[in-house]
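Biologist: I am new to this structure. Please take me closely through one part of it, the largest pocket, and then show how that part fits with the rest.

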Amino acid sequence: MSDYYIPHLKRNLPRGSKPLLTFRIFSAHSTEKVIDSMNSNNIPFIHLPPNCTPIVQPLDVGVNGPFKAKIKQKFTDWLVNRYDDIIYHKTDPNQKFHKAASDYEIVEWIIEAWNELSEELIRNSNVLNSK
């Protein structure tokens, strides 16, 4: 936190502005080191109550959720295809099944998943915040 995030805040915030950091209830955000770091740098922070993500973080629900689901589906499809290839001897049977996806494949999934999100979904994600 103090090695990256606080210097980043200090470099990028407009002069005179006051940040307010919001944290989810997560043990790493409540450590003595994090709290001391925030306090010693005069950065106010609050922990969000549980189950309020749809209210305070509409993009998490409206965009990031569907985006992550699409990436997970692409990974699942990739895994099933690898398994089928091994079973039906389309690949060397001595090849390790647990070989990880390449960086190139992962980047492809990310691009495809993003392109599959509709503009309407992204626009309407803030509608969740008004309910």
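Modeller: Start with the character of the pocket lining. The residues that line the largest pocket divide into five nonpolar, four polar and three charged. Keep in mind that this is a predicted model. The space in this pocket comes to about 220 Å³.

Now the names. Leu9, Lys10, Leu13, Pro14, Arg15, Gly16, Ser17, Lys18 and Pro19 belong to the lining, together with Asn41, Asn42 and Ile43. Two of these residues deserve a closer look: Leu9 and Ile43.

Take leucine 9. Its place is in helix α1. Leucine 9 has a relative accessible area of 10%, so it is buried, since the cut-off for buried is under 20%. Not counting residues up to four places away in sequence, leucine 9 touches Leu21 and Ile43.

That leads to isoleucine 43. Along the chain, leucine 9 and isoleucine 43 are 34 residues apart. Their C-alpha atoms are separated by 9.6 Å. With neighbours within four places in sequence left aside, isoleucine 43 is in contact with Ile6, Leu9, Pro19, Leu21 and Met38. Pro19 is also one of the pocket-lining residues.

From the pocket we can step into the core. Leu9 and Ile43 both belong to the largest nonpolar core. This core has seven residues, and the others are Ile6, Leu21, Phe23, Val34 and Met38. At least two residues of this core come from each of α1 (5–12), β1 (21–23) and α2 (32–40). There is a general background to this. In soluble globular proteins, nonpolar side chains tend to be buried together.

Next, a loop. Serine 30 sits between β1 and α2. At 40% relative accessibility, serine 30 counts as partly exposed. Serine 30 is in contact with Ile35 and His47, leaving aside its neighbours within four places in sequence. Histidine 47 is 17 residues from serine 30 along the chain, and their C-alpha atoms are separated by 8.5 Å.

Now turn to the aromatic rings. The structure holds four aromatic pairs. In one pair, the rings of phenylalanine 67 and tryptophan 114 have their centres 5.8 Å apart. Their planes stand at 85°, so the pair is edge-to-face. This pair links distant parts of the chain. Phenylalanine 67 is in helix α4 (residues 58–87), tryptophan 114 is in helix α5 (residues 103–116), and the two are 47 residues apart. The partners also differ in burial. Phenylalanine 67 counts as buried at 18% relative accessibility, whereas tryptophan 114, at 43%, counts as partly exposed. Elsewhere, Phe75, Trp78 and Trp109 form one aromatic cluster.

Last, the whole chain. The protein has six helices and two strands. Read along the sequence, their pattern is α-β-α-β-α-α-α-α. Of the 131 residues in the protein, buried residues make up 18%. Contacts tell of the chain's long reach. Among those between residues at least 6 apart in sequence, 62% join residues at least 24 apart. The touch between leucine 9 and Ile43 spans 34 residues along the chain. So back to the pocket: Leu9 and Ile43 are in its lining, and both are also in the largest nonpolar core.

Conventions
Residues are numbered from 1 along each chain as its sequence is written. This is a predicted model: local features need pLDDT of at least 70, side-chain atom pairs count only at pLDDT 80 or more; totals for chains, interfaces and linings use all residues. Side-chain values use heavy atoms; hydrogens and water are left out. Rings of Phe, Tyr and Trp (its six-membered ring) pair if their centres lie within 6.5 Å; planes under 30 degrees apart count as stacked, over 60 as edge-to-face and the rest as tilted. Helices (H or I, at least four residues) and strands (E, at least two) are DSSP runs, numbered from the N terminus. Buried means under 20% relative accessible area, exposed over 50%, partly exposed in between (1.4 Å probe, protein chains only). A nonpolar core is a set of buried Ala, Val, Leu, Ile, Met, Phe, Trp, Tyr and Cys residues joined through side-chain atoms within 4.5 Å. Contact means heavy atoms within 4.5 Å. On a 1 Å grid over the protein atoms alone, a cavity is a set of points where a 1.4 Å probe fits but cannot get out, and a pocket is an open set with protein on both sides within 12 Å along at least five of seven lines; lining residues have an atom within 4 Å of a point. Grid points are joined across faces, edges and corners, and a volume is the space filled by probe spheres set on the points. Ala, Val, Leu, Ile, Met, Phe, Trp, Tyr, Cys and Pro count as nonpolar, Asp, Glu, Lys and Arg as charged, and the others, Gly among them, as polar.
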